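Welcome! Here is a short guided tour of a protein structure. Have a look at the picture, then read on.

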2 protein chains.
Amino acid sequence: MTGRILIGGKEVEGSHFFQATDPATGTVIDSLFAEATPVHADAACALADEAFDIYALTPPERIAVFLEEIAGAIIAIGDVLIEKAMQETGLPRARLEGERGRTVGQLRLFAGLVRQGEWLDARIDPAMPERLPMPRGDLRSRRFAVGPVVVFGASNFPLAFSVAGGDTVAALAAGCPVVFKGHPAHPATGELVARAIRSAVAKCGLPEGVFSYLPGTSHELGAALVADSRVKAVGFTGSRSGGLALMRIAAARAEPIPVYAEMSAVNPVLLLPAMLASEAELLGKAFVGSLTMGAGQFCTNPGLLLAIDGPDVDRFIAAATDALAQSDAITMLTPSIHEAYCTGVEALASQSGVRLLARGRVGEGPNRGQAALFETSAADFMANPALGHEIFGSCSLLVRCADAEELRQVLAGLEGQLTATLHMTTEDEPLAGALMPLLVRKVGRILANGWPTGVEVCHAMVHGGPFPATTDGRSTSVGTMAIERFLRPVCFQDIADGLLPAAIRRDNPLGLPRRIDGIRQ
Amino acid sequence: MTGRILIGGKEVEGSHFFQATDPATGTVIDSLFAEATPVHADAACALADEAFDIYALTPPERIAVFLEEIAGAIIAIGDVLIEKAMQETGLPRARLEGERGRTVGQLRLFAGLVRQGEWLDARIDPAMPERLPMPRGDLRSRRFAVGPVVVFGASNFPLAFSVAGGDTVAALAAGCPVVFKGHPAHPATGELVARAIRSAVAKCGLPEGVFSYLPGTSHELGAALVADSRVKAVGFTGSRSGGLALMRIAAARAEPIPVYAEMSAVNPVLLLPAMLASEAELLGKAFVGSLTMGAGQFCTNPGLLLAIDGPDVDRFIAAATDALAQSDAITMLTPSIHEAYCTGVEALASQSGVRLLARGRVGEGPNRGQAALFETSAADFMANPALGHEIFGSCSLLVRCADAEELRQVLAGLEGQLTATLHMTTEDEPLAGALMPLLVRKVGRILANGWPTGVEVCHAMVHGGPFPATTDGRSTSVGTMAIERFLRPVCFQDIADGLLPAAIRRDNPLGLPRRIDGIRQ
């Protein structure tokens, strides 16, 4: 770990430096990290652009091996990765070890995906020279990498959504070189993982520009990366203001490009009547477990509870209040996240019609997130859009609805969300069924009798959702479907085998699954 | 044909009216057509939104039958459709009959696609209740319609890219209600087809809001449609300025939405040396055939020729000049397209370093497009971005490049394109191979030894390309892949069969192909 900027295979010294803070103690950590500038962004994008032609046509097997090499190199970092991450994020060891497992598992899952080859969507419509009134040419298509991709990591998953996180893996799997903007909250963790990726690039004999790592704190750096004409897509996980700013920069380019920003959500949890009648106390307790896990610093944190008013709601609240009052304050990721959380909770408390139900224990030490639960009426909620905005951390708002119709109205008024959760028994099915079309319109994932935190990395996962949960509800940032973000189709008509990409050559040298005249072979 | 506005099942009288022009004679056609206004847009979007929940979950078989009913209803219009289209567009009968066949074939192709069911991308990752350290839930996903879609038709394909054209069919196939903004150049043709769709909606018992037709000439109408909060995507084929304006409106919404606009392209044709040496005369003649077909009013018209300078280029030019000088002027689609063509040709003629090589015959009668061929040097071309802009019509520019490297530089400087064409022999393969990565970056379709006009409707077709050929190079507007524009994935976690969409129920009642743990079954 050197604090240097990693541009392809080169290490560049900075002229300005920044330091991270140990949020658990509030003290600044000694190590100095270079501030990358737009000049470094330019150099990294030039290398990425140069690498593109070779990397985009690298055979799937070699890309798969590369992803596996990255996984191995991350494991090989050893415990220092966990220790640095603990110091920089305040997250506990077990959580970070689990996250490392998830990160490595994600790389290996994508290696399998790349090998399997369906992502290429190879299609062949053979020539019909005898067709009347006009013959048909030989038409073949496959998807290609869109171009160099810029990825911004999240602070709340310093491994799984950061340097070698979901967006990086999906882009590399698709054949896109990645320029990674390092998150300033965990620069040591970031650099260790960046060096692991870089070593895998070298070991696999890939062009150095396949990966660059630019640590920095400035908005100028991020803006320069998104504005660079060689960059063809952006992945981002973070705040709504950050995501929207990047989206605006991308839209203002001479050539606009897609920005996949995952921004904010309150993830409504619907406590349906029969389930609430039967399990109010258990639900109240389990809810607090989900709300306070990791200090609530998850994009899928349950920030909104909807229930039809009545004594069962009071039972739920009593149980939740009890559990919340006993919940320990937990170190938040950064001083600024903690400050935003405190400001958000205070602002919510001061809103008309909002009543504080419970707070968690006051923390000992700096940056401790003290959980909070509020309630309001559906009428007050619907009258005030601010009540539907995310407060990042362990804060949730229960909305008492007069009846099922009012609950539906509250749902209908919500912005796009990552998730919606139904707590229900079979008796609640008619109501759940009536709400389902609305949920399908509003969210990326609908779940029953669980909690939205915990996002499985698999094939059917959708971690996305309509705006403003994300900037592009047509895709996911978790799971194998994420590769589609970074691909575009190209068609070849009457092109000789010698000039065709291997995936769609007549003899199918890669042995890929292909679609002939629309039928998968 | 009544000239009325068709909002779902209702017919609405206008208060202001417009008329189309017969471009062949320049005379205004008698029939009056209502000007739809933002008030009508609001009503149509409300109905589309209302129809969405039912239509988006209509079983694939019913959607397929609906598309086939539309095809049948278009055929049932009979010859009056061809006659009206001839009068309104100046296109000849054979072309319009062929286009009707293409339109109907496209509807039937999508019916087959919808039935086959892979477009739903049904995925199932079964529960793993025993998994350690954490069990996995039951995860299922399918794609859903994005929501109501607004489609703007093109003037140059009054059937295949208009009311029941590619975007409409792809959106309807995906389960999206369509609000169609009628093109003012062919309002009678448009209304006849709109009524055919409407009769199919009624016959299939679908909600009336599945389709509305708003004729009109005003920008306000289009702007109101794209700005409507219930609209979730836009399809457009037309000018660069039109597409960019819609993109800006969509980006400025509280909830930005995707705009799929196909805008402009010059479709470079590369005359590689060995082929040029062997077939200069044949190529010159064939080129003029492609250039002048349909008065050059195709998005894939060959507007740019690139060749390495030498005597074979002069042979090509001599043949092309001969053929062009004998080419008849052809009626263009509208007076304003003809005027823009004339202005564009004049402007190109006045650019520094551009030399006129040939013009076609002068036309007798109004709105006749007189073909034009120019030449310039690579240096002049690269120094002046205006030379790379599309002139809609039979106008093309040949660029003489000093050598292969200069040809590569010209290509590298081009904006995104729909197509690139290689005229080549096997001897040219090394050069073609060297250019291939650049072509893949720049275009949606690469073809050899043919002409880019003539876009096959099939599974492997990509009629799209990087900006500014289109606003979204991740998709196509022709072929079955177009359905993906209008879909987004939704995941269901631990949801009981009774609440799941049929496509991902445990017993697979639709008998669909599905992906279990990532493996297609």
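The notes below start with some basics and then go through sheets, helices, domains and a few backbone details.

This is a predicted model. Chain A holds 14 helices and 25 strands, and two open sheets are built from strands of both chain A and chain B.

**Size and make-up of chain A**

- The C-alpha trace of chain A spans about 75 × 65 × 40 Å along its principal axes.
- How does the radius of gyration of chain A agree with that of a compact globule? A compact globule of 521 residues would have a radius of gyration near 24 Å, and chain A has 25 Å, so the two agree.

**Domains of chain A**

- The domain assignment splits chain A into domain 1 (41-125 + 138-263 + 473-488) and domain 2 (268-448).
- Between the C-alpha centres of domain 1 and domain 2 of chain A there are 32 Å.
- Where these two domains of chain A touch, domain 1 gives nine residues and domain 2 gives 11 residues.
- On the domain 1 side of that contact in chain A, you find one nonpolar, six polar and two charged residues.

**A sheet that starts in chain A and ends in chain B**

- A useful reminder: strands of a sheet pair through backbone hydrogen bonds, either parallel or antiparallel.
- One open sheet has 12 strands, in the order β17(A)-β19(A)-β20(A)-β15(A)-β14(A)-β21(A)-β22(A)-β23(B)-β8(B)-β7(B)-β24(B)-β25(B), and its pairing is mixed.
- Which strands stand at the edges? They are β17 (355-359) of chain A and β25 (519-520) of chain B; each has a single partner strand, so one side of each is left without a neighbour in the sheet.
- Strand β22 (residues 443-448) of chain A and β23(B) run parallel and are joined by three bridges. Here A:R445 stands opposite B:C491.
- In chain B, strand β7 (residues 123-125) pairs with strand β8 (residues 139-145) in the antiparallel sense, over three bridges. The bridge partner of B:I124 in β8(B) is B:R140.

**The other shared sheet**

- Another open sheet of 12 strands, also with mixed pairing, follows the order β25(A)-β24(A)-β7(A)-β8(A)-β23(A)-β22(B)-β21(B)-β14(B)-β15(B)-β20(B)-β19(B)-β17(B).
- Its edge strands are β25 (519-520) of chain A and β17 (355-359) of chain B, and each pairs on one side only.
- Helix α10 (residues 311-325) of chain B packs on this sheet, where it touches β14 (268-271), β15 (304-308), β17, β19 (372-377) and β20 (395-401) of chain B. The direction of α10 makes about 45° with that of β17(B).
- Strand β8 (residues 139-145) and strand β23 (residues 487-493) of chain A run antiparallel, with seven bridges between them. Within this pair, A:F144 has A:R488 as its bridge partner.
- Helix α14(B) lies across strands of both chains: β8 and β23 of chain A, together with β21 (417-423) and β22 of chain B. The helix runs at about 165° to β21(B).

**Where the chains touch**

- How many residues does each chain bring to the contact? Chain B gives 52 residues and chain A gives 52 residues.
- On the side of chain B, the elements that give two or more residues are β7, β8, α14 (429-442), β22 (443-448) and β23 (487-493).
- That side of chain B has 25 nonpolar, 13 polar and 14 charged residues.

**A helix pair in chain B**

- Helix α3 (residues 79-89) and helix α6 (residues 187-203) of chain B pack at an angle of about 150°, with their axes 8 Å apart. That angle makes α3(B) roughly antiparallel to α6(B).
- The contact is made by B:V80, B:L81, B:K84, B:A85 and B:E88 of α3(B) with B:A188, B:T189 and B:L192 of α6(B).
- Those residues divide into five nonpolar, one polar and two charged.

**Backbone details to look for**

- Most residues other than glycine have a negative phi, and most peptide bonds are trans.
- The peptide bond from B:L132 to B:P133 is cis, with omega near 0°. You can find B:P133 in the loop between β7 and β8 of chain B.
- The bond from B:F467 to B:P468 is also a cis peptide bond, with omega near 0°, and B:P468 is in the loop between β22 and β23 of chain B.
- A:D517, in the loop between β24 (515-516) and β25 of chain A, has a positive phi near 50°.

Notes: Residues are numbered from 1 along each chain as its sequence is written. Chains are lettered from A and ligands numbered from 1 in the order in which they are written. This is a predicted model: local features need pLDDT of at least 70, side-chain atom pairs count only at pLDDT 80 or more; totals for chains, interfaces and linings use all residues. Two strands pair if DSSP finds at least two bridges between them. Helices (H or I, at least four residues) and strands (E, at least two) are DSSP runs, numbered from the N terminus. Two residues are in contact if their C-beta atoms, placed from the backbone, lie within 7 Å. Ala, Val, Leu, Ile, Met, Phe, Trp, Tyr, Cys and Pro count as nonpolar, Asp, Glu, Lys and Arg as charged, and the others, Gly among them, as polar. Axes are lines fitted to C-alpha atoms, for helices over the stretch in contact, and angles run from 0 to 180 degrees between N-to-C directions. Angles under 35 degrees count as roughly parallel, over 145 as roughly antiparallel, 65 to 115 as roughly perpendicular and the rest as oblique. Domain bounds come from an automatic or database domain assignment. The radius of gyration is taken over C-alpha atoms; the globule rule is 2.2 Å times the number of residues to the power 0.38.
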